[in-house]
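User: Could you walk me through this model, please? I would like to start with one helix and what packs around it.

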Amino acid sequence: EIAPTEDQNMAYSEILYDVSDKIATITLNRPDKLNAWTSVMEGEVRAALIEASDDDNVGAIILTGAGRGFCSGADMNNLNSLQQGASSGGPTSDSVRAVDNAIPGGLSLSNDFSLRYTYFPTVPKPIIAAINGPAAGLGLIMSLYCDVRFASDAAVFSTAFSRRGLIAEHGISWMLPTLIGPANALDITLSARKFTAAEAKDMGLVSKVFPMEGFMDEVRAYATEMATLASPRSIRVMKRQIYQAMLNSLEHSVLLANSEMPASFESEDFKEGVAHFVERRAPNFTGN
């Protein structure tokens, strides 16, 4: 079961949450376990994403891990419990079923993006995965549903599932081929081999690789530029356009863009976007 998250001001126990300079940083915080994923962590990440979505002082979100790992996958104790439940004939579907998990008040997208683990695209602000170290299983899945992925040169990746007797979980059989093509997706899912940050970049799984020393400074510099120079309204609309386009035809994407243009011309952010360029000054977007 997902841990309750009704109280957005909850005291987090398995993540760290910080807001500074218009950036919300969510840090998975079980460094002694390489930030292995638990139901508590799952609920807290969702609560933090809701908190960041609702905060007008947040323009971008970074998801990263404490210590030397990003997320090593599901906590093995959880996997043992699932195995024991299955062996005894007990129900296990509650632990793995898709649940309605879209961000309240977030982007309106297809139901494909409102399921357990697939809901990150409904967050109306950009989510940047800062993959500082090992990312395997559910850790890799979390990164796939972020909008942008950066890796340190210390990062190492694995789908892991075939080496646990499992399958391609939580939609990565669709998401991986969409991002890196069927051949690469089959390679890393069937073999579950480990691969480096450099290979992840060659595949297109991550956009950039930075040295571990200064890694978070590079990620924050990117996030700061996005949070201060890009219109929040434009980000919301374009994020919705791109994720919907992944499921729609070219014609539908063109018609949707044409329907959005008049509203963008009338927006405060469009007027500010022109004004700050003409006046050669920093923008002061309101998101409206």
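User: What covers the buried residues of α1?

Analyst: Happy to help! This is a predicted model in which local features need pLDDT of at least 70 and side-chain atom pairs count only at pLDDT 80 or more, while totals for chains, interfaces and linings use all residues. Residues are numbered from 1 along each chain as its sequence is written, and side-chain values use heavy atoms, with hydrogens and water left out. Helices (H or I, at least four residues) and strands (E, at least two) are DSSP runs, numbered from the N terminus; contact means heavy atoms within 4.5 Å, and buried means under 20% relative accessible area, exposed over 50%, partly exposed in between (1.4 Å probe, protein chains only). The cover over the buried residues of α1 includes β1 (15-20), β2 (23-28), β3 (60-65) and β4 (127-131).

User: How many of the 16 residues of α1 are buried?

Analyst: The buried residues include M41, V45, L49 and I50, and also charged ones such as E42, E44 and R46. Helix α1 is mostly covered, with a count of 12 of its 16 residues.

User: Which residue caps the N-terminal end of α1?

Analyst: Look for a polar contact (a pair of N or O atoms within 3.5 Å; within protein, one must be able to donate a hydrogen and the other to accept it, and residues adjacent in sequence count only if both atoms are side-chain atoms). The backbone nitrogen of V40 has a side-chain oxygen 3.3 Å away, and that oxygen belongs to T38.

User: Which residue forms a salt bridge with D147?

Analyst: A salt bridge is a side-chain nitrogen of Lys or Arg within 4 Å of a carboxyl oxygen of Asp or Glu. Here the closest N and O atoms are 2.8 Å apart, and the partner of D147 is K239. D147 lies in the loop between α4 (138-144) and β6 and its partner in helix α9 (residues 232-245), so the pair ties together parts 92 residues apart in sequence. At 6% relative accessible area, the buried partner is K239.

User: R149 is buried yet has no salt bridge; what is the nearest side chain of opposite charge?

Analyst: Lys and Arg count as positive and Asp and Glu as negative, with His and the chain ends not counted. The side chain of R149 instead reaches the backbone oxygen of S143 at 3.0 Å and that of L144 at 3.3 Å. The nearest side chain of opposite charge is 7.3 Å away, and belongs to D147.
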